[in-house]
There are 4 protein chains.
Amino acid sequence: MSSRDRKAEEMFRCSERERAVFEAGIKMGTIYHQFVGTPADTSNIPALEKAIERSIMVQPFVVSAEVRIEIRRGERKDAYDYVSLRGEMIDAVVKIRIKDTIVTAEMRYLEELDYPLMYVSDISP
Amino acid sequence: MSSRDRKAEEMFRCSERERAVFEAGIKMGTIYHQFVGTPADTSNIPALEKAIERSIMVQPFVVSAEVRIEIRRGERKDAYDYVSLRGEMIDAVVKIRIKDTIVTAEMRYLEELDYPLMYVSDISP
Amino acid sequence: MSSRDRKAEEMFRCSERERAVFEAGIKMGTIYHQFVGTPADTSNIPALEKAIERSIMVQPFVVSAEVRIEIRRGERKDAYDYVSLRGEMIDAVVKIRIKDTIVTAEMRYLEELDYPLMYVSDISP
Amino acid sequence: MSSRDRKAEEMFRCSERERAVFEAGIKMGTIYHQFVGTPADTSNIPALEKAIERSIMVQPFVVSAEVRIEIRRGERKDAYDYVSLRGEMIDAVVKIRIKDTIVTAEMRYLEELDYPLMYVSDISP
């Protein structure tokens with residue numbers, strides 16, 4: 001544990017488990033607000049998914065990040081036939097580990113909510 | 001409680017307290033990744049602070065949001081003499097309330113870390 | 001003219017008029033890609049419009065910036081009843097001046113295109 | 001030429017050459033303001049460069065896009081040892097073609113300006 005890790009830890013007024021959940025929330029906000037707006041069609045989706053995953057992996061305490069983008073759009077017919085990335089197009093699963101706690105958080109468009117919900121799907125142990 | 005609130009609640013596999021902490025993390029990630037990069041000098045700081053606060057207030061479960069930006073820059077001498085907003089310039093305090101739980105999260109540049117740390121500073125009760 | 005202005009000018013392989021048009025394009029890209037994704041409902045629209053205008057005014061060579069956001073959304077019924085800013089919601093008019101050339105550029109959602117078009121609406125003289 | 005192309009073209013009050021320069025400016029603003037803020041260390045730079053290039057290629061009239069990111073940072077020592085992408089770290093070259101006009105625009109950090117300048121480096125013919 002570096003001295004910076006120790007200093008950071010001191011700032012938190014919550015349990016290790018709650019801190020891991022907080023970190024998971026940060027990553028969800030990052031995926032959404034850093035990348036929503038990116039020009040997208042079928043040609044750049046794989047590169048964009050990979051770049052988002054790798055960028056999230058750079059943030060502290062991330063064990064894994066999986067991102068899938070679905071743009072529900074066919075062939076391009078002209079120059080204007082592409083989209084800007086929206087939250088509803090993103091499916092993400094991010095795992096955070098702080099010491100012994102592993103938190104899984106997800107972002108998923110839920111039709112019943114008509115909203116791309118970010119939620120905690122698991123905390124272990 | 002709307003049917004959407006209920007549906008959303010069902011998705012969470014954690015306590016109310018943990019959910020409130022997660023929501024606080026999302027807001028921190030939003031402030032950082034939505035607004036970092038914005039052109040800034042002393043002329044637009046008040047408007048930018050207010051817009052960030054109001055935008056965060058729009059997100060679910062936010063009770064209050066305070067944002068201060070400090071750019072450590074004097075008079076403009078020419079067209080290129082401004083900055084792009086960076087995390088280190090932002091101080092933020094956001095309060096989240098879910099039912100009876102109130103979480104306070106902060107973003108603050110800490111010199112010892114040389115890093116704009118996001119942390120949970122209080123959970124009540 | 002500062003030495004930085006001179007150095008910058010040297011880098012351009014085009015006319016003053018073309019440079020002014022280029023600068024206008026940068027500002028349009030900034031409005032869109034910096035702010036799309038921002039949480040919005042009727043409560044924060046005025047603050048957001050103002051912050052975008054002021055931020056664009058900070059960039060080089062901007063004489064004026066007018067931004068209007070229309071979100072076509074009524075009363076909020078629950079926590080999820082807000083939008084993320086999209087290009088289609090933004091109307092913007094930006095004026096750039098380099099020496100004697102004034103360029104007006106606009107961003108506007110055009111129904112016939114189903115696309116938020118950025119275009120040059122005037123160059124004077 | 002699609003009917004949307006024609007409608008878009010009608011909106012422009014400038015020459016084909018000026019329109020190509022304007023489009024180049026938009027792309028520069030997109031690269032900067034969409035991606036500045038992204039978490040970065042040596043592990044995700046290649047994926048991020050590629051995603052930016054491919055995303056810009058999705059926008060109208062882009063013939064080619066080359067992006068290089070340099071973060072001047074060694075080995076990671078702890079969780080906080082990474083950067084947020086800044087304009088100064090980005091080198092980009094984008095080529096726009098509208099009919100017979102090809103515009104090359106570049107973004108490059110210039111030490112003499114201490115600024116990541118976006119400029120038009122060539123217009124052909």
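Q: What makes up the area buried between chain D and chain B?
A: In this predicted model, the area buried between chain D and chain B is about 1,000 Å². Carbon and sulfur atoms give 61% of that area. On the side of chain D, His33(D), Tyr80(D) and Tyr115(D) lose the most area to chain B, and together they account for 44% of what that side buries.

Q: How many residues of chain D are in contact with chain B, and what makes them count as such?
A: Contact requires heavy atoms within 4.5 Å. By that criterion, 11 residues of chain D are in contact with 11 residues of chain B.

Q: Which elements of chain D give two or more residues to the side that touches chain B?
A: These elements are helix H2 (16-35) and strand E6 (115-124) of chain D.

Q: How do the residues on the side of chain D that touches chain B divide into nonpolar, polar and charged?
A: They divide into 7 nonpolar, 3 polar and 1 charged. Tyr counts as nonpolar in this division, whereas Asp, Glu, Lys and Arg count as charged.

Q: How many salt bridges are counted between chain D and chain B, and what would make a pair count as one?
A: A salt bridge needs a side-chain nitrogen of Lys or Arg within 4 Å of a carboxyl oxygen of Asp or Glu. The count between chain D and chain B is 0 salt bridges. Polar contacts rest on another criterion, a pair of N or O atoms within 3.5 Å, and the count between the two chains is 6 residue pairs, both residues at pLDDT 80 or more.

Q: Why is Lys99(D) called partly exposed?
A: The relative accessible area of Lys99(D) is 47%. Buried means under 20% and exposed means over 50%; the value lies in between, so Lys99(D) is partly exposed.

Q: What is the sign of phi in Lys99(D), and where is this residue found?
A: Phi of Lys99(D) is near 50°, a positive value in a residue other than glycine. Most residues other than glycine have a negative phi. Lys99(D) is found in the loop between strand E4 (90-98) and strand E5 (101-110) of chain D. In chain B, Phe61(B) also has a positive phi, about 75°, although it is not a glycine. Phe61(B) is in the loop between helix H3 (45-58) and strand E2 (62-69) of chain B.

Q: Is the peptide bond from Ser124(D) to Pro125(D) cis or trans, and how do you know?
A: Omega is near 0°, and the bond is cis. Pro125(D) lies in the segment after E6 of chain D. In chain A, a cis peptide bond joins Ser124(A) and Pro125(A), with omega about 0°. Pro125(A) lies in the segment after strand E6 (115-124) of chain A. Most peptide bonds are trans.

Notes. Residues numbered from 1 in each chain as written. Chains lettered and ligands numbered in written order. Predicted model: local features only at pLDDT ≥ 70, side-chain atom pairs only at ≥ 80, totals over all residues. Heavy atoms only, no water. Buried area = accessible area lost by both parts, 1.4 Å probe. Polar contact = N/O pair within 3.5 Å; in protein donor to acceptor, adjacent residues only side chain to side chain. Helix = DSSP H or I, 4+ residues; strand = E, 2+ residues; numbered from the N terminus. Buried < 20%, exposed > 50% of the residue type's maximum accessible area, 1.4 Å probe, protein only.
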